[in-house]
Amino acid sequence: MTTNVETRRRKLDTDKQDSPEDHDGAHQPGSCCDGVCVAHVHLEASDAHSCLLQTSSSCTPKHPQRTCSFVDEIRDENPRKTTISAENEVEAQKLANNYKFGFRKWKSHVTERPFEDRSNIVKELYSELNVIKPYSVGSLFTCGNVLYVFLFGWWIALVYVLVGLLMFLTVFGIPYAKLCWKLSCYFLWPFGKSIEKASVSVAAYSVKILQDNSNLEAEEDGKPSSPLLLPTPVGETIEEPTERPQNDHYWWRVSTYIWLLVGYPLLAITHSVLCLISWMLVFTIPVAKMSTKTLHTILLIPPEHVHISQATETQEHESRVILCCYHAVNLYYYKYTVDGINVFAVNLLLLVIVSLVIGYVDKSNEFVSSEVKFATAVSSIIPLSYYIGMGIASISAQSNFAVGAVVNATFGSITELTFYITALVRGHHQGNKCLQEIVKAALTGTLLGCILFIPGICMIIGGLRHSEQRFNSRSAGVSSSLLFISVGGVFAPTLFSKAYGNLVCEDCTNSTGTNSSGSFTCKNCHYDLSENSYSLFHSHIQPLVYTISILLPVSYIIGLIFTLKTHSHIYDIHVGDGTGHLGASVHWSRWRALLILIVATVLMSACADLTTEHIQPILSHSSISQYFIGVTVLAMVPEIPEIVNGVQFALQNTISLSFEVGSCIAVQVCMIQIPILVLFNIFYDVGFVLIFSDLHLWASIFSVIVVNYIFMDGKSDYFQDPRSDWINPALAPLG
């Protein structure tokens, strides 16, 4: 046991002796919530030195600025045990799936979180902009508010002035003209002002004169009486005259219909444009909310009922606040979700529609060039990958192990397989082997990105926040071992062909310009795998490829059984007793998630078709290499949602999940995607041969060796205790 672990254990024992009231629910400084939380310490019978800390999810916060986290991953002194606590069983199942082999890792919630338990920052994102708050004048002059004036405020105010002049010319619309001029001043600088709906009627009331002063005396003493305990006083009720609400006959006015036919349509178009722009910018969503409420509420009530004033905490009783905004920009809106879907994924759906329209309508490239169509089609893969990942996580969290494993194995690779098969079929029909090389480059780029780029970027970003990053060495070693086996199987035919194949070069020229002996410069060198080399390819390499394509999926199934059934203790995932048993309100049901998966797959196929169709003009009219596009753009763009998940895990100091994100994708590429491509080539010959170039071969093998050295051979250098987690010392100064 390490010195640090022993020191923490002695400190824990000392705290237990000095503070026996901790088990009674006393307040713990620095706990997850500044309130009444209960901590239980359990000693495991199997290991007397290890302790399991479980934090109850029933906490009563005392300060609204600090709230309890209802989704916690709690680790004990023995890092082999990972306890998961969540607000419901579905969310706990989703978190447990993140630690399982073969399941794609997902960070976002698949169930609705209790709104009252969320932080004040998140609550502010979902506010209706109708609450008056205390503020200072200086706090309103922010960069975001000033930016609002230059981006939106001036032209919105100008439109209201022009519409007001138009309504003034109609004579009957003069009340609405005055309203437009007031709103023009409001939208030029709406911050710190409130729009209220004033009522012209006075509620009826009555006065009761008491004959018994007992109740009055009790109220004067500060102790209001209870009618259940004291006798009802006998009094005399005098009805005061009340003013009946005035019937304004709003829909009987001529000015109303002039407004709806002349002024309102112009402002509806203006606010629709404003709402669309501000919503697409994400961080200016408060402006979109303000515009929507104005269009649906304020512009449809009688103008005499609209009252604009400075927002103060004391408002008249006969008025109701409709709109009150203090800030136009909120940088935390990247957390905003719509039905569990991140706002960026919602906005990028418009890009999918645009790419499909310009791709299939403008076939002759008269209005949009091939480069733009390629860029939009590739970018459209990002939101579709997000929806596929959300659907997989939703179904897996609500299903058993078998269903979750099948869904992850099929739909988990559907994004990449859709593009690969589409490219191979198009290349076969066009007789273009360039697309086949792009597919191989994309496969290699995915392996390199998942093995090196995703763990590397997660280490760096996680190290900026956390001084130490720990992960379970044994589970990472299992993943790296499976990855080593799968990569070795995929590149075995390439190694065999390079050892026994014939190297053929074309376009060879002598440095002196003659055919005499000397050094030659050759281009397009490759190993002869055509019919001329029948004995090598058809008798040796092709059977080897087919054998590997069968063994790799079998190895994947064996890996699932090994890590999830026979040796599940390697991961040691335990759902804590603090998991709530409240009814889980899932964002997507299983049938809805399945429907979204099918629709997203169909749209993915269409975007992949447009990508392969418009990639050839880019290669023909530019100096960009086909290998560069395959390794970078086509390999990493579909994995952007997974990269974001890995970074979020690293920021929460769960670097082990960040590593598993890349390993899971890489293993699926080798054990599922490549065998499916080979088997597809058997039934529909597209000319796909599982032989890679030298650069792809050695780059992939080198990356796997590096990862295996860190996860397995690096124990003697970085591990103080074989059972402890690996600490990344290079990133410690970054914290």
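What share of the 735 residues in the protein chain is made up of buried residues? In this model, which is a predicted one, buried residues make up 46% of the chain.

Let me begin with the overall picture before turning to particular places. The protein chain holds 23 helices and 18 strands, and it exposes about 36,600 Å² of area, of which carbon and sulfur atoms supply 63%. If we take the contacts between residues at least 6 apart in sequence, 76% of them join residues at least 24 apart.

I would like to look next at helix α2, which covers residues 89–97. Seven of the nine residues of α2 are buried, so this helix is largely enclosed by the rest of the structure. The buried residues are Val90, Glu91, Ala92, Lys94, Leu95, Ala96 and Asn97, and you will notice that two of these names return in a salt bridge. Lys94 pairs with Glu91, with their closest N and O atoms 3.2 Å apart, and the two residues sit three positions apart in α2, about one turn of the helix. Both Lys94 and Glu91 are buried.

That pair stays within one helix, but the next one reaches much further along the chain. Glu416 forms a salt bridge with Arg104, the closest N and O atoms being 3.8 Å apart. Because Glu416 lies in helix α13, residues 414–430, while Arg104 lies in the loop between α2 and α3, this pair ties together parts that are 312 residues apart in sequence. Glu416 and Arg104 are both buried, and they belong to a network of salt bridges that also links Glu642.

Another salt bridge joins Asp339 to Arg592, and here the closest N and O atoms are 2.5 Å apart. This pair, too, links distant parts of the chain, since Asp339 is in the loop between β12 and β13 whereas Arg592 is in helix α17, residues 590–613, and the two are 253 residues apart. Are these two partners buried, partly exposed or exposed? Asp339 has 34% relative accessibility and therefore counts as partly exposed, and Arg592, at 36%, counts as partly exposed as well. In total, the count comes to eight salt bridges.

Let me now move to the surface, where Leu147, Leu151, Ile269, Val273, Ile277 and Leu281 form a nonpolar patch with about 500 Å² of accessible area together. Which helix gives the most to the nonpolar patch? Helix α8 does, with three residues, although α5 (143–169) and α8 (254–280) each supply at least two.

Two residues of α8 are worth setting side by side, namely Ile269 and Thr270. Ile269, a member of the patch, has 56% relative accessibility and so counts as exposed, the cut-off being over 50%. Thr270, by contrast, has 12% relative accessibility and so counts as buried, which requires a value under 20%. The side chain of Thr270 reaches the backbone oxygen of Leu266 at 2.9 Å, and, leaving aside its neighbours within four places in sequence, Thr270 is in contact with Trp155, Ile156 and Val159.

To close, I would ask you to keep two places in view as you turn the model: helix α2, which is largely enclosed by the rest of the structure because seven of its nine residues are buried, and the nonpolar patch on the surface, to which α8 gives the most.

Definitions and conventions:
Residues numbered from 1 in each chain as written. Predicted model: local features only at pLDDT ≥ 70, side-chain atom pairs only at ≥ 80, totals over all residues. Heavy atoms only, no water. Patch = residues over 30% accessible without salt bridge, like charges linked within 9 Å, V, L, I, M, F, W, Y side chains within 5 Å. Areas by Shrake-Rupley, 256 points an atom, 1.4 Å probe, with all protein chains shown as cover. Salt bridge = Lys/Arg side-chain N within 4 Å of Asp/Glu carboxyl O. Helix = DSSP H or I, 4+ residues; strand = E, 2+ residues; numbered from the N terminus. Buried < 20%, exposed > 50% of the residue type's maximum accessible area, 1.4 Å probe, protein only. Contact = heavy atoms within 4.5 Å. Polar contact = N/O pair within 3.5 Å; in protein donor to acceptor, adjacent residues only side chain to side chain.
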